[in-house]
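Let's take a friendly walk through the charged and aromatic side chains of this protein. Have the viewer open and follow along.

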Amino acid sequence: MNLQEFAELKEGDRVVNGLTQSTGTVTERRSDGVKVRWGDGQPGHTVEFFFSVNTTAWFHWTRVDEDG
């Protein structure tokens, strides 16, 4: 993912981290970054983190295209 793609993320978008092969959902969009919930949604099986635009973690992400 590049900076423009990161800036275009919105709540509900799904992303895949190619480095860890994990899937997450954007739960909050802020001017300085996004919150992503990683996991399967079951209690005890998810974790949520904030990712700032100033980090590099999202370089490994790909947005999941829901249209196929």
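A residue counts as buried when its relative accessible area is under 20%, as exposed when that area is over 50%, and as partly exposed in between. With a relative accessible area of 43%, F49 is therefore partly exposed. Please keep in mind that the model is predicted.

**Aromatic side chains**

F49 is a good place to begin, since F49 pairs with F51 in an edge-to-face arrangement, with 6.4 Å centre to centre and 70° between the planes. Its partner F51 has 13% relative accessibility and so counts as buried. In the whole structure, a search finds seven aromatic pairs. Another of these pairs joins W38 and W61: the ring centres are 5.7 Å apart and the planes stand at 65°, so this pair is edge-to-face as well. W38 belongs to strand β3 and W61 to strand β5 (residues 61-63), so the pair ties together parts that are 23 residues apart in sequence. Both W38 and W61 are buried.

Which residues make up the aromatic cluster? One cluster is formed by F6, W38, F49, F51, W58, F59 and W61. Two arginines also sit over aromatic rings. R29 lies over the face of F6, at 5.6 Å from the ring centre, while R30 lies over the face of F50, at 4.1 Å from the ring centre.

**Salt bridges**

R30 leads us on to the charged pairs, because R30 has a relative accessible area of 34% and is partly exposed, and R30 forms a salt bridge with D32. The structure holds four salt bridges, and three of the pairs are set out here.

| Pair | N to O distance |
|---|---|
| D13 and K10 | 3.2 Å |
| E28 and K35 | 3.7 Å |
| D32 and R30 | 3.2 Å |

Salt bridges that share partners also join K10, D13 and R63 into one network. Within that network, is D13 buried or exposed? At 6% relative accessibility, D13 counts as buried, whereas K10, at 45%, counts as partly exposed. In the pair of E28 and K35, E28 is partly exposed at 26% relative accessibility, and K35 is partly exposed at 28%. D32, the partner of R30, is partly exposed too, with a relative accessible area of 33%.

**Two residues on strands**

D32 also turns up among the contacts of S52, a residue of strand β4 (residues 46-52). Leaving out residues up to four places away in sequence, S52 touches F6, D32, G33 and W58. F6 and W58 are both members of the aromatic cluster described above. S52 has a relative accessible area of 17%, so S52 is buried. Which backbone nitrogen lies 3.0 Å from a polar atom of the S52 side chain? That nitrogen belongs to N54.

R37 lies in strand β3 (residues 33-39). Its relative accessible area is 34%, so R37 is partly exposed. Setting aside neighbours within four places in sequence, R37 is in contact with T23, G24, T25, T27, T46, V47 and E48. One of these, G24, is 13 residues away along the chain, yet the C-alpha atoms of R37 and G24 are separated by 5.3 Å.

Terms used. Residues are numbered from 1 along each chain as its sequence is written. This is a predicted model: local features need pLDDT of at least 70, side-chain atom pairs count only at pLDDT 80 or more; totals for chains, interfaces and linings use all residues. Side-chain values use heavy atoms; hydrogens and water are left out. Helices (H or I, at least four residues) and strands (E, at least two) are DSSP runs, numbered from the N terminus. Buried means under 20% relative accessible area, exposed over 50%, partly exposed in between (1.4 Å probe, protein chains only). Contact means heavy atoms within 4.5 Å. A polar contact is a pair of N or O atoms within 3.5 Å; within protein, one must be able to donate a hydrogen and the other to accept it, and residues adjacent in sequence count only if both atoms are side-chain atoms. A salt bridge is a side-chain nitrogen of Lys or Arg within 4 Å of a carboxyl oxygen of Asp or Glu. Rings of Phe, Tyr and Trp (its six-membered ring) pair if their centres lie within 6.5 Å; planes under 30 degrees apart count as stacked, over 60 as edge-to-face and the rest as tilted. A charge sits over a ring if NZ of Lys or CZ of Arg is within 6 Å of the ring centre and within 35 degrees of the ring normal.
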